[in-house]
Amino acid sequence: MPMKGRFPVRRTLQYLSQGDVVFKSSVKVMTVNYNTAGELSEGARKFVFFNIPQIQYKNPWVQIMLFRNMTPSPFLRFYLENGEQVLVDVEDKTNKEITEHVKKILGKSKEMLEKEERKKLSHPAIFGPKKYHLRECMCEIEGQVPCPAFVPLPKEMRGKYKAAMKNEA
Amino acid sequence: PGPFPGLCPGWCPRAVPARGRKSRHDPPAKSKASRVKLPPPVDPEELLVVLERYRQHRLVLSALRAEFRAEVLQKKQEERLAAEGSVEELEEHRRLMAWNAKENARQQARREERVRKEKEEQRRRKLEIAEKQARKWEAFLEEKEKEVLQLQEEAKNFITPENLEARIEECLDNPRNYNFAIDKDGRIVKRTVLS
């Protein structure tokens with residue numbers, strides 16, 4: 001199985017899931033203007049080459065557009081849901097600095113991400129093994145028939161009684 | 001027809017048509033000439049009652065559905081608003097935007113500084129080049145001047161048609177001896193006699 005491209009590690013799931021920039025839900029479009037030559041655009045180029053796949057993997061619903069050699073200096077522009085535009089100048093910055101900057105202004109904070117994780121894990125409607133769910137059995141849910149181990153079932157619901165009735169009749 | 005009476009539709013496409021022996025293009029039989037096909041009899045009061053009941057039932061059901069739909073939408077909106085539109089969130093957002101603007105201003109200052117330095121460099125380099133050019137030109141002119149003066153000096157010793165005779169006489173009167181010997185140490189020995 002051949003490896004494709006110059007840095008095929010960028011295509012691995014492990015690399016992609018290591019991206020830590022998750023945008024807030026109000027960010028809809030991200031635009032990157034950069035140049036293919038020049039020292040000042042080097043950071044932007046590296047950002048586009050290495051970090052944008054990670055960002056797109058974590059934010060599949062954000063549209064990312066790249067514009068090459070259209071402006072003399074490189075910059076990022078974010079278009080939010082309410083029409084607001086956020087401009088980020090990235091001239092003479094390394095790609096790590098750019099990711100940090102973006103994470104700070106428009107990324108979901110660590111606590112928010114953790115809260116979402118926890119909410120995703122503990123869905124209140126389902127039940128199952130204690131490791132993954134809040135309740136293990138249907139008898140633990142409010143409004144359902146209680147566990148016969150603690151509260152005996154009424155006679156009409158017990159197979160013993162029903163069979164006896166049937167035999168009698 | 002079908003395995004599950006509750007699931008099959010009112011009309012199901014039959015694999016084999018139920019027309020029997022004749023196709024639709026064959027004329028009907030003579031015994032059926034006086035047959036009058038009537039629709040099934042309908043009791044008007046029963047029909048009215050049934051229709052009314054159905055109308056009410058459907059009205060109630062659609063109202064309930066709309067009610068539930070609105071409730072769910074409302075809940076979703078509330079949750080979304082609570083997650084995103086709270087006051088602290090907006091404050092935070094404004095703060096971050098202000099910080100971003102500051103960063104941009106800082107970058108702008110840096111960029112202007114850089115551009116200014118670049119311009120200075122360029123100006124300085126241009127001046128240097130102009131100076132070097134000027135110096136080269138001056139040196140060249142000096143060289144040429146020296147050559148002209150040297151030539152003027154030499155012109156005094158030229159042989160012209162006027163002093164040709166005099167110079168020939170002079171040469172013939174003073175014979176010059178070009179014979180000499182040189183040893184390995186560089187000492188010149190002029191002992192040969194001109195004959």
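This is a short guided tour of a predicted model, with a selection to make at each stop.

**Stop 1: chain A as a whole**

Start by selecting chain A and switching to a cartoon view. You should find five helices and four strands. Followed from the N terminus, these elements run α-β-α-β-β-β-α-α-α. Chain A has 169 residues, and 33% of them count as buried. If you like contact maps, here is a figure to keep in mind: among contacts with a separation of 6 or more, residues 24 or more positions apart account for 61%. Now turn on the surface. Chain A exposes about 11700 Å², with carbon and sulfur atoms supplying 59% of that area.

**Stop 2: chain B alongside**

Next, select chain B. Its secondary structure comes to three helices and two strands, in the order α-α-α-β-β along the sequence. Of its 195 residues, 4% count as buried. The exposed area of chain B is about 19400 Å², and carbon and sulfur atoms make up 58% of it.

**Stop 3: a histidine that touches the other chain**

Stay with chain B and pick His93(B), which belongs to helix H2, residues 87-155. Is this residue buried or exposed? His93(B) is buried, because its relative accessible area of 16% falls under the 20% cut-off. Show the residues around it and look across to chain A: with neighbours within four places in sequence set aside, His93(B) is in contact with Leu80(A) and Glu84(A).

**Stop 4: a buried alanine in helix H2 of chain A**

Cross over to chain A and select Ala44(A), found in helix H2, residues 42-58. At 1% relative accessibility, Ala44(A) counts as buried. Which residues does Ala44(A) contact, leaving aside neighbours within four places in sequence? Display Tyr34(A), Pro74(A), Val90(A), Lys93(A) and Ile98(A), and you have them. While you are here, draw a C-alpha to C-alpha distance from Ala44(A) to Phe75(A): the two are 31 residues apart in sequence and 8.0 Å apart in space.

**Stop 5: the segment before helix H1**

Now go to Arg11(A), in the segment that comes before helix H1 (13-17) of chain A. Arg11(A) counts as exposed, since its relative accessibility is 53% and the cut-off is over 50%. Not counting residues up to four places away in sequence, Arg11(A) touches Lys4(A) and Leu16(A). Another distance to draw goes to Pro53(A): the C-alpha atoms of Arg11(A) and Pro53(A) are separated by 8.2 Å, with their positions 42 residues apart along the chain.

**Stop 6: two loops with positive phi**

Open your backbone torsion display and select Asn69(A). Its phi is near 55°, a positive value in a residue other than glycine. Asn69(A) sits in the loop that joins strand S2 (63-68) to strand S3 (75-80) of chain A. With 47% relative accessibility, Asn69(A) counts as partly exposed.

Then move on to Asp92(A), where phi is also positive, at about 60°, although the residue is not a glycine. The loop here lies between strand S4 (85-89) and helix H3 (95-106) of chain A. Asp92(A) counts as partly exposed at 34% relative accessibility.

**Stop 7: a pair of cysteines**

Select Cys137(A) and Cys139(A) and show their sulfur atoms. A search of the whole structure finds zero disulfides over all chains. Cys137(A) is in no disulfide, and its nearest cysteine sulfur, that of Cys139(A), is 3.4 Å away. Why is there no bond from the sulfur of Cys139(A) to that of Cys137(A)? At 3.4 Å the two sulfurs are too far apart for a bond, because a disulfide needs them within 2.5 Å. Both residues are partly exposed: Cys137(A) at 35% relative accessibility and Cys139(A) at 21%.

**Stop 8: the second largest pocket**

For the last stop, select Gly19(A), Asp20(A), Val22(A), Lys58(A), Lys103(A), Gly107(A), Lys108(A), Ser109(A), Lys110(A), Glu111(A), Leu113(A) and Glu114(A), which line the second largest pocket. Its volume is about 260 Å³. Colour the selection by residue class and you get two nonpolar, three polar and seven charged residues. Which element supplies the largest share of this lining? Helix H4, residues 110-121 of chain A, does so with four residues.

How values were computed:
Residues are numbered from 1 along each chain as its sequence is written. Chains are lettered from A and ligands numbered from 1 in the order in which they are written. This is a predicted model: local features need pLDDT of at least 70, side-chain atom pairs count only at pLDDT 80 or more; totals for chains, interfaces and linings use all residues. Side-chain values use heavy atoms; hydrogens and water are left out. Buried means under 20% relative accessible area, exposed over 50%, partly exposed in between (1.4 Å probe, protein chains only). On a 1 Å grid over the protein atoms alone, a cavity is a set of points where a 1.4 Å probe fits but cannot get out, and a pocket is an open set with protein on both sides within 12 Å along at least five of seven lines; lining residues have an atom within 4 Å of a point. Grid points are joined across faces, edges and corners, and a volume is the space filled by probe spheres set on the points. Ala, Val, Leu, Ile, Met, Phe, Trp, Tyr, Cys and Pro count as nonpolar, Asp, Glu, Lys and Arg as charged, and the others, Gly among them, as polar. Contact means heavy atoms within 4.5 Å. Accessible areas come from the Shrake-Rupley method with a 1.4 Å probe; for residues, only the protein chains shown count as cover.
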